[in-house]
Every structure is written in C-alpha cells, then in structure tokens.
Amino acid sequence: MNRSVLFIGILIAAALVVILFVGLGKDPAAIRSPLIGKPAPDFALREVGTGRTIDIAQYRGKPLVINFWATWCGPCWEEHPVLVANARALQPDVQFLGVVFQDTEEKILGFLQQRGTAYPTVVDDRGKTAIAYGVGGVPETYFLDASGKIVAKYSGPMSGDIIQANLQKVLRP
Amino acid sequence: MIPILGRLLILGSLLAATAGSVLGFVAGRTRSLDGLRWARRFAYLYSALIALAAIVMEVALLRHDFSVSYVAQVGSRLVPTWVTIVSLWSSLEGSILFWGLVLGIYIAIATWLTRGRYPEYQPDAIGVWLATAAFFSFLIAGPANPFHTVANPAADGPGPNPLLQNHLLMSIHPPFLYLGYVGMTIPFGFACAALLKGRLGHAVLKPLRESLMLPWVFQTIAIMLGGWWAYEVLGWGGYWAWDPVENASLLPWLTATAALHSIMVVERRGILKGWTITLVQATFLLVILGTFMTRSGVFNSVHSFTQSAIGPTILAFLAVALLFTIALLAFRIDKLEVEGRLEGTASRESMFLVNNLLFVLLTFTVLIGTVFPLIVEAVNGKQMSVGRPYFDSMVIPVGAALLFLLGVGPALPWGRATGEQIRKALLPPLIGAAFFALIGFALGVRGAWTLVTLAFAGYAAQVTLAQMFVPMLQRIRRGDSVGSALIEGQLRRGRRRFGSYIVHGAVVVVIVAIAVSSSMRQTTELTFTKGQTHKASGFDVTLLGVEERHEPHRFATIGRFAIARGGKPLATLEPRMNQYQMMRDPVGSPDVYTTAARDFYLSLANVDASAQTATVTVYESPMIVWIWIAVIIMGIGGLIALIPPRAPRVILIETPETA
C-alpha cells in the first residue's frame with residue numbers, strides 16, 4: 001500500500017467534499033449585502049398614482065419590507081400576488097413598499113390597476129435609490145426593522161416562506 | 001401512459017446497469033468468460049433501455065404531452081420545433097436523462113469495440129462504466145425524475161429557458177459538452193480496470209488513449225462553443241469570465257490534456273504509469289465535480305441550472321468515487337511495474353513531465369480559485385468572489401510556459417541527447433520566435449507578455465511545422481514523389497503524429513489570438529441620436545434608428561447602425577435588448593461585424609425608442625475569429641490522430657472495379 005498516495009488523496013478529497021457539503025446548504029441568491037446591520041439609506045420618492053412624496057422615515061416604528069421591481073421583469077409578476085396577499089395579512093403591523101426603477105409611471109399604473117395592490121409603490125426615476133441599496137437585479141427585497149436598520153436582503157422572487165423567514169429575523173434578532 | 005412507460009424504462013436501465021456492473025466486477029475476479037459475456041449483454045441492455053427512455057421523452061415533448069412532468073415544465077406549443085427537440089437538455093431533469101443517453105451510447109460503442117480484445121481489462125471496465133450508469137439511472141428514477149405524472153395537465157406550458165432560445169449555439173453547445181464530459185467515463189473505466197489488475201500493459205494503452213482522445217475533442221469544441229456563445233450573446237465583448245461553470249468545463253479538459261501527453265511517455269518509455277492513471281481518474285472525478293457545481297445551486301452562475309435536490313446525491317456519488325479511486329490508487333499504484341527510467345534532463349520525456357506538472361498546476365490554480373469563495377464562507381462566513389485578476393495573473397504565466405514547452409518539447413529528441421544535438425534542435429526555431437515578435441511589434445504590439453507570447457508562439461510554430469512534415473520530407477529525400485510522400489507519410493502512416501501536430505499548430509494560433517485580442521482590444525462608449533455618426537476605431541458608425549419589436553416569447557428594443565469605412569458601407573448591425581417573460585433582467589444581444597483581421601462589436605448599453613437615442617459600447621478586437629477557427633482545427637487534428645492506423649487500404653488505392 002502506498003501511504004503517501006492514501007494520505008494526500010484523502011486529504012484533498014476530504015477537504016473538497018467538506019467544503020462542497022458546507023456550501024450545499026447555502027442559497028447563493030441570499031446575498032449578504034454590506035448594508036446589512038446598517039441603517040437603510042433614506043429616500044423620499046413620488047408615489048405612483050397619487051403623486052405625493054413618500055419618505056421612508058415615516059414608517060419608522062414598525063418593520064418595513066422594501067421590494068424593488070419593474071413591470072418588464074417576469075419574476076416580478078410572479079411574486080406580485082404573493083406580496084399583495086402577505087401585505088394584506090400583515091399590515092399594519094408590517095409595512096410593505098414597492099420601489100420601481102427603469103420603468104415608466106404609465107406602465108406601472110396599468111400593471112397595478114390590472115393586478116391590484118395593497119401597499120404604496122414609488123418610482124425611482126433615475127435609479128438612484130436602487131444604486132444606494134446596491135440592487136443587483138429585480139426583484140430584490142430588503143427587510144428593515146422598526147429602527148430602520150436593514151436586517152436581510154433577498155434577491156429573486158418572494159414566496160410566503162421567504163417573507164416569513166426574513167420577517168422572523170426582523171422581529172427576533 | 002407515457003410517464004409510466006418512461007419510469008419502467010428507467011427502472012429497467014437501473015436494474016440492467018446494476019446487474020451488469022456486479023457481473024463485470026465478479027467476472028474480473030473469477031475470470032469467468034460467461035460472466036463477461038453476460039456483463040456485456042447487460043451493458044447493451046442498459047444502453048437500449050436508456051435510449052428508449054430518451055426517445056419516449058422526445059416523443060412526449062413533440063406531442064406536447066403535458067401529463068409528463070418534464071414536458072409540463074419546459075414544453076410550449078408556441079416555440080419552434082427545433083426548440084422543442086433541444087428542450088430535452090434545457091432543464092435539469094431532462095439534462096440528466098440526456099446524460100444517461102450519451103453514457104448509454106458510449107458504453108455500447110466501447111463495449112462493442114473492445115469485445116474479445118482485452119479480456120483482462122474489459123470485465124472491470126464494464127463494471128465501472130455500468131456502476132456510473134447505475135448512479136445516473138438512480139438519479140433519473142429518483143431525485144431528478146422527469147417522468148412524474150401530472151394529474152391535471154395544462155393545455156400549454158412555459159417553454160424552455162429563454163437563453164437556450166436566444167441563439168442556435170446554445171442548443172449545440174450542451175450536446176458537445178455532454179459528449180465530452182460523459183465520454184470521460186470510458187477511460188476512467190479502463191484506468192480503474194488497470195489498477196484492479198495491478199497492470200497497465202501496452203495493449204490497454206490504445207483503448208485508454210483513444211477513449212480519452214474522443215471526448216477530449218468534443219470537450220475542446222464544447223468549451224469553444226460556450227465561449228463563442230457568450231461572446232455572441234452576452235454583450236460584454238468577451239468570451240471567458242472564469243465563471244465557476246466555465247471553470248468546471250475547463251478542469252477535466254486540463255487533466256485530460258495532460259494525460260494524453262503522459263500516455264505517450266508510458267508508450268515510449270514504460271514510465272509514468274501511475275501518474276497517467278491518476279490523471280485519467282482525476283479527469284472523471286473533475287467531471288463529476290463539474291456536474292455537482294452546475295446542478296447543486298452552490299455556485300451562482302449564468303450557466304447553472306436552478307437549485308435542486310440532486311446536489312446532495314451527486315455529492316455523495318463524488319465522495320464514493322473519490323474514496324474508491326484513492327483506495328484503488330493507494331493499494332495498487334506500486335504494483336504497476338516500471339519498465340524504464342527518465343533519461344536526461346533535456347529530453348523529450350522530461351519535457352513531457354514538465355508539461356504535465358504545469359497542466360496539474362493550472363488545474364489546481366483554477367480549482368482553488370473556483371472553490372475559494374466557498375472555503376472563505378465556510379471558515380469565516382464572509383461572502384466573496386475570486387475575480388479575473390487572480391486567474392489572469394496565475395494562468396497567463398503558466399500558459400506562456402506551456403506554449404514555450406510546446407516549442408521546446410517536440411524539438412528535443414527522445415532519450416539522452418548530446419549537447420550538439422540539443423543545440424541543433426533548439427537554435428533554429430529562434431528565427432521563428434524573432435519573426436513573430438517583430439511582426440507583432442511592427443503591427444503595434446507593445447505589451448511585454450504579448451510580445452513574449454508571440455516569440456514563444458513563433459518558436460513553437462516553426463518547430464511544429466518542421467516536425468509535422470518530417471515523415472513526408474524523409475520520403476521525398478528517399479526519392480518518393482511529393483504526392484505519394486504526402487499520402488503515405490502524412491495521411492496513412494503518420495496520421496497520429498500528423499494529427500497531433502495539427503492540434504499543436506492550432507493551439508499556437510488560439511493562444512496568439514487570445515493574447516492579441518485581449519491585450520489590443522479597444523473599447524469606446526458612444527451615445528447617438530438618430531442619424532448621428534461617430535468615428536470609432538477607423539469605422540464610421542451611424543444610428544439609423546431604434547425600433548421596438550414584439551415577438552411571441554420576447555420583447556425586443558433594437559438599435560440599427562450602419563457601419564462604413566472610408567465612405568464605403570460595410571454592414572448594418574442590429575444590437576438589441578431582449579426582454580423575456582421569465583427573465584429578471586433584459587438580455588442584451590450584441591451584433592458583430594467580423595473580418596479575418598478584427599471584430600467590430602456593438603453592444604447596447606442604453607436605448608430609448610421614444611427619443612430615438614442609443615448608447616453603445618464598441619469593442620474592436622483583432623483576431624477574435626481565429627480563436628473559433630483554430631479550436632475547430634484542434635478538434636479536426638484530434639480526429640485525424642484518432643483514425644486507426646490500419647485503415648482499410650481501399651480508401652487510398654485506386655480500385656475502379658470495387659465501385
């Protein structure tokens with residue numbers, strides 16, 4: 001028996017398998033943003049339909065779910081009813097807010113009128129807010145606690161379970 | 001009906017593979033010829049059943065039978081028929097079934113070609129092949145079953161991944177990749193059989209080399225097709241991003257290339273046997289690792305399938321395969337008898353050894369760069385990514401060293417050489433080196449690495465050309481006519497050598513094209529309003545207009561540009577943004593004006609149809625097209641080297657009567 005082959009082989013194999021095994025449980029879509037644990041960047045944007053300005057400071061005191069989306073994005077269509085249903089169930093204890101970027105107000109309004117909504121949607125005209133939050137692609141959702149701190153970020157369409165799991169993090173840190 | 005039939009076929013294939021594998025290993029121990037015969041029959045049975053299962057799935061796809069879960073997942077009545085056909089490998093479950101099909105074809109052919117010829121090795125080889133087949137059949141039967149019954153089938157489905165529909169290349173890249181990946185199972189079987197027997201005799205080297213060479217050819221083409229696709233579709237002007245999944249396709253290619261070289265040292269000198277076997281086995285293990293990487297959802301990549309439950313199963317298989325291989329190596333590697341020894345430091349075989357070490361170094365470099373983010377995350381929980389700078393800074397020097405060896409190695413004689421012989425072999429190609437470097441310099445190359453690469457390439461090109469035609473020149477010197485020397489020396493007798501040097505020559509072209517295109521690329525960003533003309537890299541670019549187009553499965557915004565040079569119109573380019581229903585972000589589709597000297601590449605950065613404005617990134621890269629052409633030539637060279645030396649004579653001798 002060649003002991004050095006056995007030893008080196010087992011060493012490389014074990015290291016590789018362990019690393020891959022640890023990696024298995026992780027969801028690469030659950031991107032940890034450097035902003036997690038930090039106060040969320042402030043913004044005040046125009047609400048679609050009413051034209052009034054919504055400042056996120058006004059939602060301090062309860063958890064806030066900020067969902068970045070656009071009408072041209074397929075998975076955003078898919079997650080929209082999930083978000084609306086959860087917002088209906090959880091508001092007013094938890095506030096939901098949609099932020100649309102790279103889109104036109106007319107298309108957004110049409111989308112919301114057709115599919116319904118349960119929370120305000122604002123327009124991020126030049127994408128400044130999305131940049132401040134480090135949005136990589138839509139949909140992307142941020143979970144803020146009552147003090148306005150970002151607790152979690154999720155990239156990809158929402159499901160009821162994902163919303164629940166992330167709100168748990170917000171409520172019980 | 002179809003789901004049940006499919007499941008039965010898969011279960012049958014699982015049983016056949018398991019039974020055949022056990023029989024193969026038993027026959028390997030008992031040397032029972034009956035056992036071997038039955039193992040072979042089960043191998044054919046497995047191949048037939050899995051092929052039937054794949055055909056059944058194709059039928060279900062073509063008939064839009066949405067009661068089959070996989071069809072419900074990827075089928076659509078809206079997409080063209082060719083998309084429906086390639087849907088077989090467009091999504092996870094189908095791709096594993098396709099894997100099984102390719103493995104079935106390989107196993108059937110390998111079993112048929114080696115029947116009765118390698119009685120010592122064949123039983124264990126079949127055992128290993130069918131054990132792998134059994135695992136994949138298990139995957140298809142269980143965690144990745146495409147044949148679930150859908151209780152209330154819908155009238156229509158969503159269609160396959162839009163990226164697959166975006167470009168024809170994407171439908172031919174995966175089959176090539178599978179033909180490469182899956183094919184590595186066959187040499188792995190021979191390598192394991194050799195270890196189980198404790199003997200790597202001369203006879204088994206031929207099937208080992210050939211069964212490695214064929215998938216190598218496919219893998220080479222597949223990697224190129226992937227790069228070409230990225231270049232034509234993704235719109236960032238490049239073709240390789242060191243993405244985990246790209247690396248997954250490169251890793252087994254590197255070890256397979258190393259093994260193809262070390263096999264020659266085994267043939268000539270009877271040394272490096274254990275090393276060669278280890279490389280062949282590593283190739284297969286890296287294939288399984290790559291499969292895990294693409295299908296486990298551990299790595300974020302444009303190429304990977306979505307997260308799935310089969311990750312743990314593949315990881316378990318990888319662990320078992322690793323354990324099996326390591327145990328086999330540890331217990332048997334010392335039994336492989338060494339028949340010769342390494343002679344002289346400046347000999348061809350020692351250059352082969354250095355070549356091998358460099359390939360293995362490259363493999364580790366890429367492997368570590370790929371899994372490093374996972375290591376970091378496992379250790380301290382931080383997320384990070386290893387980017388281009390790491391890979392470039394590591395791979396460029398090793399690549400240059402390999403190119404250097406590609407020149408020096410073949411120039412040196414086998415065995416011990418005198419100083420005079422070495423000087424005679426190594427000095428003349430310096431002319432080629434100087435020639436290439438000077439041409440590059442004259443054409444404006446100033447980067448140090450690029451000039452070094454060009455010099456090495458010139459050296460290698462001269463050696464390659466000289467070596468390539470050695471047999472022909474010898475015959476001409478002996479008085480043969482040029483025609484008969486060409487046919488007899490190059491095509492008939494020296495095919496393997498000729499093919500190998502064609503590969504080498506093509507590699508020189510690929511490396512030069514990569515070095516020149518990446519170091520001399522010019523990028524400009526230009527903003528246009530309709531009718532406006534800008535100058536870019538000597539071309540006049542005019543925005544003719546922006547249009548929006550609704551297509552059944554996507555919505556496109558297209559910028560139309562006229563390209564002219566010196567007042568002469570050359571082409572109209574239409575880079576576009578495609579927004580697919582199921583995609584999060586729009587997919588940019590660049591458009592390219594290709595000439596032999598350079599590519600002129602337009603990619604939309606921003607486009608507004610109502611204002612008729614567009615911002616494009618313009619990439620002007622020299623020599624790009626030579627990468628694709630030369631890789632295809634590499635594949636052809638590999639195939640030439642594969643044609644068996646004793647081909648039927650009728651091909652070359654004129655015999656009008658036999659027609």
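The points below comment on chain B of this predicted model, moving from the whole chain to one helix, one sheet and one pair of loop and helix residues.

1. Overall form. Chain B contains 22 helices and 10 strands. Its radius of gyration is 27 Å, close to the 26 Å that the globule rule gives for 659 residues, so chain B is as compact as a globular protein of that length. Taken along the principal axes, the C-alpha atoms of the chain fill a box of roughly 80 × 75 × 70 Å.

2. Burial and contacts. Of the 659 residues in chain B, 51% are buried. Among the contacts of chain B with a separation of 6 or more, 72% are between residues 24 or more positions apart.

3. Helix α20 of chain B. Which residues of this helix, spanning 482-493, are buried? They are B:Ala485, B:Gly489 and B:Gln490, and, seen down the axis of α20(B), the buried residues fall within an arc of 75°, so they line one face of the helix. As general background, an α-helix has 3.6 residues a turn, so residues three or four places apart point the same way. The packing partners of the buried residues of α20(B) are α19 (470-477) and α21 (495-519) of chain B.

4. The open sheet. In chain B, 4 strands form an open sheet in the order β1-β10-β9-β8, with antiparallel pairing. The edges are taken by β1 (522-529) and β8 (591-594) of chain B, each of which has a single partner strand, so one side of each is left without a neighbour in the sheet. From one strand to the next, the twist averages 20°.

5. Pairing at the edges of the sheet. On one side, β1(B) runs antiparallel to β10 (residues 613-622) of chain B and is joined to that strand by 8 bridges; B:Leu526, for instance, has B:Val616 in β10(B) as its bridge partner. On the other, β8(B) is joined by 4 bridges to the antiparallel strand β9 (residues 598-608) of chain B, where B:Asp591 has B:Leu602 in β9(B) as its bridge partner. The connection from β8(B) to β9(B) is a hairpin through 3 residues.

6. The pairing of β9(B) with β10(B). These strands pair in the antiparallel sense over 10 bridges, and the bridge partner of B:Val607 is B:Ala614 in β10(B). The two strands form a hairpin with 4 residues between them, and in the turn B:Gln612 has a positive phi of about 55°, a value that a colleague may wish to look at in the displayed structure.

7. B:Ser87 and its surroundings. Where does B:Ser87 lie? It is found in the loop between α4 (81-86) and α5 (92-114) of chain B, and B:Ser87 counts as buried because it has 28 C-beta neighbours inside 10 Å. When neighbours within four places in sequence are left aside, B:Ser87 is in contact with B:Leu61, B:Val74, B:Gly75, B:Gly94 and B:Pro160.

8. B:Gln165 and separations from B:Ser87. B:Gln165 belongs to helix α7 (residues 162-166) of chain B and, with 23 C-beta neighbours inside 10 Å, also counts as buried. Although B:Gln165 and B:Ser87 are 78 residues apart along the chain, their C-alpha atoms are separated by 9.6 Å. B:Ser87 and B:Ala425, which are 338 residues apart in sequence, are 54 Å apart in space, C-alpha to C-alpha.

Methods: Residues numbered from 1 in each chain as written. Chains lettered and ligands numbered in written order. Predicted model: local features only at pLDDT ≥ 70, side-chain atom pairs only at ≥ 80, totals over all residues. Rg over C-alpha atoms; globule rule 2.2 N^0.38 Å. Buried ≥ 20, exposed ≤ 12 C-beta atoms within 10 Å, placed from the backbone. Contact = placed C-beta atoms within 7 Å. Arc of directions from axis to C-beta. Pairing = 2+ DSSP bridges. Axes fitted to C-alpha atoms, helices over the stretch in contact; angles between N-to-C directions.
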